[in-house]
Amino acid sequence: MNTVIAKANFLCINRFFASTSKTKTITLSLISRKSKSKTQKIYSLKSPLSRLIHVFSSLDGAHFIVEDDLQAFLDILPSDLRYILLNDPKRAQLLEVILDLGRLPAARYLGEFGGKYLRSTEVSMRELEYAQNAIGEFGDDNRAGIEGTLHRISAVRSRKGVIVGLTCRVGRAVGGHIDMVHDLLHYGKSILFVGRPGVGKTTVMREIARVLSDEFYKRVVIVDTSNEIGGDGNIPHAAVGGARRMQVPEPSLQHKVMIEAVENHMPEVIIVDEIGTEAEALACRSIAERGIMLIGTAHGEQLENIIKNATLCNLIGGVETVTLGDEEARARRSQKSILERKGPPTFCFLIEMRERHYWVTHRTEKSVDMLLRGESPLVEVRKRDNQFRVVIERWKTYDGNSI
């Protein structure tokens, strides 16, 4: 059985190397690790380009493929920090490294609050300049990347424009999350993801792009404003599969590039990250009205945040105040002035990503209407059990944070 799992995962992993590796030699080492109930298998693979891949497999068939390109990330750091992190037993959970001038360098890890200091001496301007030279030019949004990877570097500048701090975030191509939402993709309807920063929204978007293009054979175009989905450089990262990527010269032009993608390239699916302005929300509505499937993310943790956001509420149909007649108000047992949804929602489904493996799924139209009436809608809770299998609990009553 182990051989069957290894072969299946090996085929998936080859996709990641198809566009970068000159040879097909991959070393496979098998490690057994006991979970609470059943044995899980973790495969660690190294490519010829020193890319480390972890394949987490349960005996029930759930697989996670993680490629982190960590060496390229470490190369931009000072040599002592590089050595410390390279020998850190928790490097597979490394989330970001913080370099602030005159302060101790710190590392933050997935699933941990706060961070830990990496050494006892402060970050110098010389070290920041070294990292800046290794990274290259920053965009107008003070973000940069490492070509051919998914890592993101964000700069903090002084009033004079000098870089005095860097947030170096590890980008990982994670395969395996798609089964949390695979059934919804078959509907061909638009899906909006919301959740706090770092919960994995962009990671899910990347895998959806690959699955829709390579398995559903759809024409997929990614509007990649900060190169977070397709990675830095002119060639998209192999993790997005056959999806095409349109880069955005300035963040303020994202809505124009979205419309350009529709008018020039005939996509069946548009994928856009971080919808945050009224112009982008209106562009999404225009695209949806043309019958194109949209996959997007927006700022906010819950559906109610989108409803109350005057800029983004168009994504869920918009909200307007309606004055009822006396008889209607008595029939509804409500005030004469009430809130109602203005029109059809741009996104048929809205998914609240509470945690990486705990999602709350709304039928947007029904949930918005019920919340505006002060009622609790029925939702689906999608989560993983301790064997990483997807469990879907239907008809759960939604009551905000406690669900």
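Asn314 sits in the loop that joins H9 to strand S17 (319-323), where helices (H or I, at least four residues) and strands (E, at least two) are DSSP runs numbered from the N terminus. With a relative accessible area of 17%, Asn314 is buried, a term that stands for under 20% relative accessible area, with exposed meaning over 50% and partly exposed in between (1.4 Å probe, protein chains only). Leaving aside residues up to four places away in sequence, Asn314 touches Ala281, Leu282, Arg285 and Thr346, a contact being heavy atoms within 4.5 Å.

This is a predicted model, in which local features need pLDDT of at least 70 and side-chain atom pairs count only at pLDDT 80 or more, while totals for chains, interfaces and linings use all residues. Residues are numbered from 1 along each chain as its sequence is written, and side-chain values use heavy atoms, with hydrogens and water left out.

The largest nonpolar core (buried Ala, Val, Leu, Ile, Met, Phe, Trp, Tyr and Cys residues joined through side-chain atoms within 4.5 Å) has 36 residues, and among those with the most contacts inside it are Leu192, Ile270 and Ile287. Elements that give two or more residues to this core include strand S12 (191-194), strand S15 (269-275) and helix H8 (278-289), and the largest share, five residues, comes from H7. Ile287 touches Met258, Ile259, Val262, Ile270, Ile292 and Leu294, again not counting residues up to four places away in sequence. A second, separate core of 28 residues includes Ile191, Val199, Ile229 and Met353.

As for cysteines, Cys168 is buried at 0% relative accessible area, whereas Cys348, at 27%, is partly exposed.
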